[in-house]
Structure formats: structure tokens, C-alpha cells
Amino acid sequence: MKLEQVARRARVSTATVSRVLNDKARVKDATKARVLKAIEALKYHPNLAARSLAGGQSRSLGVIVSNIENPFFLDIYKTVELGAHAAGFDVILANTDYKSDRLVTCIRLMLGRRVAGLAAIVSEMDAALIQELTNQRIPVVFYDVGSPRRNITNIRVDYRRGMEKLTSYLYNLGHRRMGYVGHHLSLGPIHERLQVVRDAVARYADVEVVTASDADTLEGGRRAARSLLERSPSLTALVCVNDVMAVGALRELRAQGRRVPDDVSVTGFDDVSLAQFCSPALTSVHIPRDQIGLTICDCLLPREHAMTEREFLIDAELVLRDSTGPPARGSGRSRAGRAGGRAGKNVSA
């Protein structure tokens with residue numbers, strides 16, 4: 001259905017139909033009602049892409065994530081989408097599955113659509129692609145990769161502080177043999193979490209950490225936990241790179257008849273809603289996805305200020321729930337004095 005057909009049915013010019021659609025100029029109420037009735041009768045939908053190109057200004061934002069199946073990415077996207085819609089923008093979403101070549105394709109497709117701004121909430125990135133985006137005349141936001149440039153804003157999470165809180169908590173409970181459940185360990189931001197765990201436990205001469213990695217999925221967490229426990233059956237704690245893999249690890253422990261936290265403690269990272277509703281509720285490190293989404297919106301939506309390089313550091317807060325406790329007798333320190341009432345307790349020390 002074309003604009004001309006709406007104009008003919010309403011007995012007005014195409015310019016009048018455009019004024020009604022854009023609501024930018026005064027149109028008599030009777031004429032406006034006639035145009036709106038014609039639009040409804042003909043089920044007319046304006047070509048937003050064509051209107052953006054004709055007006056020289058895009059009304060779309062691009063968001064690229066590494067894994068749309070992980071609620072962490074979805075939560076951020078939903079916040080961005082809400083803010084964009086409130087400002088009259090739509091959002092185009094793309095998923096890379098942690099593949100660098102797919103990221104390149106997604107970014108170039110977004111640029112081809114002439115998005116007004118682009119957010120890359122990914123763990124995979126290369127210097128050449130960063131330079132390519134630096135040369136664009138649109139605002140860009142990177143999450144955990146790259147460095148701030150003239151048109152590029154970086155949002156970083158203080159993983160080091162979050163993981164240090166977590167490993168210190170487990171150590172003080174008495175855990176000395178820990179396993180790390182991860183995925184895509186060669187990617188910078190993900191490898192950083194593992195390195196922080198190693199750095200944190202390096203302070204304690206009596207702590208051992210073994211690692212296993214698999215896919216960033218529930219099943220991937222289950223397989224990685226199984227691999228760890230086959231190699232090191234006496235582990236007393238599993239530190240997982242995120243909540244999704246932690247829930248998979250919980251499933252594997254149940255299948256093996258191991259009780260959580262009586263036999264093995266399990267921790268996640270990100271503190272998505274899933275962490276609160278799984279059984280037992282998951283001790284995790286809270287990352288404020290709504291704050292990240294709002295920051296992305298503020299950086300990408302048109303503002304009066306010019307584009308400048310900026311970097312935001314997001315704090316990480318430990319949230320204690322029922323999946324962690326002291327190790328059983330014979331596997332480390334005594335369970336006597338086990339902390340109670342942990343559900344939802346935040347630790348900021």
C-alpha cells in the first residue's frame with residue numbers, strides 16, 4: 001500500500017498525508033480524521049527506512065550481543081529497547097554466538113542500515129574493527145572490549161573486585177579445592193574472569209583451582225562440571241563464569257547425588273533472575289543490567305552535547321544465597337558455625 005493510495009482515498013494531497021503521519025504541521029481536524037480513516041481502512045504502514053533515508057536521519061539503533069540465549073544480554077537489550085522506544089527509535093538486534101566473523105558481518109549490516117547508534121555487547125572484538133567503527137560518524141558503545149575514542153564509549157564491569165569478593169568469601173568459608181566452570185576462555189573479557197580467580201587465590205598457598213570450559217549454555221555448564229568432577233572428585237566449590245552455566249552445574253551435581261551446598265558449593269556471576277529461582281538459590285555477583293542499558297541509551301540517543309570519548313566502570317556486588325556454605329567435615333575446615341539466613345544478602349566488603 002502506497003502513500004498515493006491513501007491520499008486518493010482521503011481526497012487530499014500526499015503532502016497532507018505526510019503532515020498527518022509526522023504530526024509536524026497544523027491540519028484541520030476534519031481532514032486529519034479523514035486521512036486517519038483512510039490509513040485504517042487500507043491498513044497502511046509507512047516505510048520507516050525510506051522516511052529515514054529521505055529525511056537524512058535514522059530512527060534506529062543497533063544492538064549486537066554475543067549470546068541471546070543468556071538472560072544477561074537479553075536484560076540489557078530490553079532496557080535499551082524501552083529507552084529507545086520512549087524516544088521514538090526502534091532497535092535492531094543481532095546475535096554473534098561469540099564468533100568474530102559473525103560480529104564483522106553484523107556490524108557492517110548495521111552500518112548498511114544507517115543506524116543512528118550502535119552498541120556491541122560482546123566479548124569478541126579485534127583492533128581493525130574498532131578502528132573501522134572509529135571512522136564512523138555515529139556514536140558507538142562497547143561493553144568490556146576496546147578503548148574509548150572520539151565517538152566510542154566504553155562500559156566496563158569491575159570483574160576483579162567482584163571475583164575477589166567471591167573467592168575471599170569461599171576461602172573464609174574453608175574451601176581450598178575449587179573448580180572454575182567457564183566458556184570461550186580465549187576471549188579477553190571472559191579470560192579475565194578466570195585470571196582474576198587465579199590471581200585472587202594466589203594469595204593463599206593452600207588453594208588449588210582446576211578449570212573446564214564448554215558452551216555458554218545450561219548443558220555446557222553441566223558438561224564442564226562433569227569434566228571437573230571426573231578429574232577432581234574432591235572439589236568442594238565450583239566457581240562459574242555466569243549464572244547460566246552455574247545452573248547447568250547444579251543439574252550435574254544433582255544427577256551425581258551430590259548435595260548443594262552440603263557436599264559442593266556453587267557460585268554464579270551476573271545475578272540474573274534465574275539465580276534467585278533455581279534450587280538452591282544461587283550465590284552470585286550482581287551486575288546491574290538496567291544501569292548498563294540506560295547508559296547505552298544515554299550514549300546512543302541524540303543529545304545536544306557533541307560525541308566525546310567516555311568510559312564507565314560498573315561495580316560488582318556479591319549476593320549470598322543458599323548454594324554456598326562451609327565444606328563438609330573431612331574435606332576442609334569444619335562446617336561448625338555455618339552462616340544462616342544468607343538468602344539475598346549483599347556483601348560489599
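A residue counts as buried when its relative accessible area is under 20%. The legends below describe close-up views of a predicted model.

**View 1. Helix H5 crosses helix H13 in a right-handed manner.** The axes of H5 (residues 71–86) and H13 (residues 289–300) come within 8 Å and cross at roughly 45 degrees. This angle makes H5 oblique to H13. On the H5 side, the contact is formed by Phe72, Asp75, Ile76, Thr79, Val80, Gly83 and Ala84, which meet Arg289, Asp290, Ile292, Gly293, Leu294, Ile296 and Cys297 of H13. Sorted by class, the residues in the contact of H5 with H13 comprise 8 nonpolar, 3 polar and 3 charged.

**View 2. A salt bridge joins Asp75 and Arg289.** The closest N and O atoms of this pair are 3.2 Å apart. Asp75 belongs to helix H5 and Arg289 to helix H13, so the salt bridge ties together parts that are 214 residues apart in sequence. Arg289 has a relative accessibility of 10% and therefore counts as buried. In the model, the count of salt bridges comes to 14.

**View 3. Arg177 and Glu208 meet through their side chains in a salt bridge.** The N to O distance is 2.9 Å. Distant parts of the chain are linked by this pair, with Arg177 in strand S6 (residues 177–182) and Glu208 in strand S7 (residues 208–213), 31 residues apart. Arg177 is partly exposed, its relative accessible area being 21%. Glu208 is also partly exposed, with a value of 35%. Arg177 is touched by Ser232 as well, and Ser232 further touches Val210, when residues up to four places away in sequence are not counted. Ser232 sits in the loop between helix H10 (218–231) and strand S8 (237–240). With a relative accessible area of 8%, Ser232 is buried.

**View 4. Asp270 and Arg193 form a salt bridge.** Their closest N and O atoms lie 3.8 Å apart. Asp270 is found in the loop between strand S9 (265–267) and helix H12 (273–277), while Arg193 is part of helix H9 (residues 188–201); the pair links distant parts of the chain, 77 residues apart. Asp270 and Arg193 are both buried.

**View 5. A network of salt bridges links Arg222, Arg226 and Glu252.**

**View 6. Cis peptide bonds precede Pro261 and Pro280.** The bond from Val260 to Pro261 is cis, with omega near 10 degrees. Pro261 lies in the loop between helix H11 (243–255) and S9. The bond joining Ser279 and Pro280 is likewise cis, and its omega is about -5 degrees. Pro280 is located in the loop between H12 and strand S10 (284–286).

**View 7. Lys43 and Tyr98 have positive phi values.** Lys43 is not a glycine, yet its phi is about 55 degrees. This residue is found in the loop between helix H3 (29–42) and helix H4 (48–55). Lys43 is exposed, with a relative accessible area of 54%. Tyr98, also a residue other than glycine, has a phi near 65 degrees. Its place is in the loop between strand S2 (90–95) and helix H6 (100–112). Tyr98 is buried, its relative accessible area being 8%.

Note on methods. Residues numbered from 1 in each chain as written. Predicted model: local features only at pLDDT ≥ 70, side-chain atom pairs only at ≥ 80, totals over all residues. Heavy atoms only, no water. Axes fitted to C-alpha atoms, helices over the stretch in contact; angles between N-to-C directions. Helix = DSSP H or I, 4+ residues; strand = E, 2+ residues; numbered from the N terminus. Parallel < 35°, antiparallel > 145°, perpendicular 65-115°, else oblique. Left-handed = near helix turned anticlockwise from the far one by under 90°. Contact = heavy atoms within 4.5 Å. Nonpolar A, V, L, I, M, F, W, Y, C, P; charged D, E, K, R; others polar. Salt bridge = Lys/Arg side-chain N within 4 Å of Asp/Glu carboxyl O. Buried < 20%, exposed > 50% of the residue type's maximum accessible area, 1.4 Å probe, protein only.
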